[in-house]
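Reader: Can you walk me through this one? Short answers are fine.

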Amino acid sequence: MNVLAIDTSNQLLGVAVSKDGEIKAEYTANMKRNHSVGLMPAIDYVMQQTETKSDQLDMIAVAKGPGSYTGVRIGLSTAKTMAWTLNIPIVAISSLELLAQNAHVQNILISPFFDARRGLVYTGLYECVDGQIQVKQEDQNIVMEQWLDELKKYEQPVLFLSQDIVLHEEVIKERLGEFAIFPSLIDHLPRPGQLALMAEAYDKENVHELTPNYIRLVEAEVKWLKEQEKNG
Amino acid sequence: MSEYILGIETSCDETAAAIIKDGREIVANVVASQIESHKRFGGVVPEIASRHHVEQITIVLEETFKQANVTMTDIDAVTVTEGPGLVGALLVGVNAAKGLAYAHQKPLVGVHHIAGHIYANRLEKEFEFPLLALVVSGGHTELILMKDHGEFEIIGETRDDAAGEAYDKVARTLELPYPGGPKIDQLAHAGEANIDFPRAWLEEDSFDFSFSGLKSAVINTLHNAKQKGETFKQEDVAASFQASVVEVLTEKTFQAAKQYGVKQVIVAGGVAANKGLRTAMQDKFQQEKEMELLFPPLSLCTDNAAMIAAAGSIAYNQGHRSGWDLNANPSLSLERYARRSALER
Ligand SMILES: [Zn+2]
């Protein structure tokens, strides 16, 4: 089974090829660059390194967000079209869950997050049970301080994973004190190889119906809905 | 053997794919319009457009291949609008095109959206050079001289609003539902051009356009009338506004066509569907036996991918190739695009 994995949902650009459950090539670039420019050359690179022809691919795995709207769409447009035209299954995995995979530690809570500006974050709560990462609270868009207050109620250590950790480190420490755990820097970067490995165990998506998980509505829609409400 | 070109277009609010044969014959042409979802906002919301594109893209592609009854193996090149347009919207098409081209190791060709609008006409009739194209849409008002395939020289363009933009703004002032342009055209036919709105001729011998003054004049006239408790018939306002736009477009196009001694005059873009413009142009060019006036069929005036494939076929045959690093370029200039193609040849 040859899997191509694609993650362009946040700052990191990641692609990987796995063969029969083994990561064969993994490429990441953690630059603030346009993923539209970098993605296909990166795919071409890992495909060449692993001597994989596109018609030898058996599955495509893609990170479906949350994250940058544009970034997620670049990944999904590419992944959907490739899966459709090669007639192979596509698997879409939460970008937060992918990041949570970096913390295979028992008996703690795992809170991966992406900064969403104005004090908000995209986050979810995960835990590692019998070596498997499981969802404890669904991915959501929430004010960080409110999220921390929720986490406090568990009275359990929480491991935070995020490239944006410096933006929120202070408030995390302030609210959670010694319950807050920060791993080493490398664990804050999602691994495309991990995405490829996870894919086989996941449900296949209907390629036509697959959409990014933006979590947030478009601002114009929110306004419109509010007006509808006002006008009864 | 026949040449099959796949075209993809997602620059604004239509998700479109098409396959054309030998550069000029439409085999399949599929357009998924989003007008309904933008209506309630009174205009295109870029983020919503982008979201729709990613939902529609494989569905539209599947329908296209089904209609054409060919497979990717038969396709000679994948062509896609790389700009200008809404960046988030363009990105979906560009990345889908790359996915397809890469998966089947086919040539990838980026296409300029306006080149597409002009080449929509070639699906009906072979070009004869030199030709002059008037491109009028919500985003563009340009006079383009072509001496050969793939050569685009802008000899006139709008200095402020595009003609279609002026239509939309006046429509909003008249409180017409979105999209307002076609609605004004409709009303104009029932009205009389009895209000004297300005015509912006600019400098003598300039082929540039300006529509913001006209737009303001319409808005001010309506505003003043309202304060005095007078009313204008909506139909008359529409007719008077349209008369001004159409006269300037027609006159400038005619002068430019004469000056450059062109064999064909092509009207392209969304506003080319405007009946007032079509009639005025036909009247103006009626006497010109050595000049042929061409309008694309209505279905090819608005955004579609057959026109992108038509322009893409020429670019492909002229040796233009895009790399795997092809990006969306929301402000891609036509002349830069033409020069780049020439360099790669
Ligand atoms: Zn257009």
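Author: One cut-off to start with: exposed means over 50% relative accessible area. This is a predicted model. D205(B) counts as exposed, because its relative accessibility is 68%.

Reader: Where is D205(B)?

Author: D205(B) sits in the loop between helix 6 and helix 7 (212-227) of chain B. Its phi is positive, about 70°, although D205(B) is not a glycine.

Reader: And D130(A), what is its phi?

Author: Phi of D130(A) is near 50°, positive in a residue other than glycine. D130(A) lies in the loop between strand 7 (120-129) and strand 8 (132-143) of chain A.

Reader: Is D130(A) buried or exposed?

Author: D130(A) is exposed, because its relative accessibility is 69%.

Reader: Switching to the interface. How many residues does each chain give to the contact?

Author: Chain A gives 33 residues and chain B gives 32 residues. About 2,900 Å² is buried between the two chains, with 64% of that from carbon and sulfur atoms.

Reader: How many salt bridges between chain A and chain B?

Author: Two. R73(A) and E47(B) form a salt bridge through their side chains, at 2.9 Å from N to O.

Reader: Which elements of chain A give two or more residues to the side touching chain B?

Author: Helix 1 (35-49), helix 2 (69-86) and helix 7 (219-230) of chain A. Helix 2 gives the largest share, 13 residues. That side of chain A has 18 nonpolar, 10 polar and five charged residues.

Reader: Which peptide bond before P130(B) is cis?

Author: The one from F129(B) to P130(B), with omega near -5°. P130(B) is in the loop between helix 4 (113-119) and strand 6 (131-136) of chain B.

Methods:
Residues numbered from 1 in each chain as written. Chains lettered and ligands numbered in written order. Predicted model: local features only at pLDDT ≥ 70, side-chain atom pairs only at ≥ 80, totals over all residues. Heavy atoms only, no water. Contact = heavy atoms within 4.5 Å. Buried area = accessible area lost by both parts, 1.4 Å probe. Salt bridge = Lys/Arg side-chain N within 4 Å of Asp/Glu carboxyl O. Helix = DSSP H or I, 4+ residues; strand = E, 2+ residues; numbered from the N terminus. Nonpolar A, V, L, I, M, F, W, Y, C, P; charged D, E, K, R; others polar. Buried < 20%, exposed > 50% of the residue type's maximum accessible area, 1.4 Å probe, protein only.
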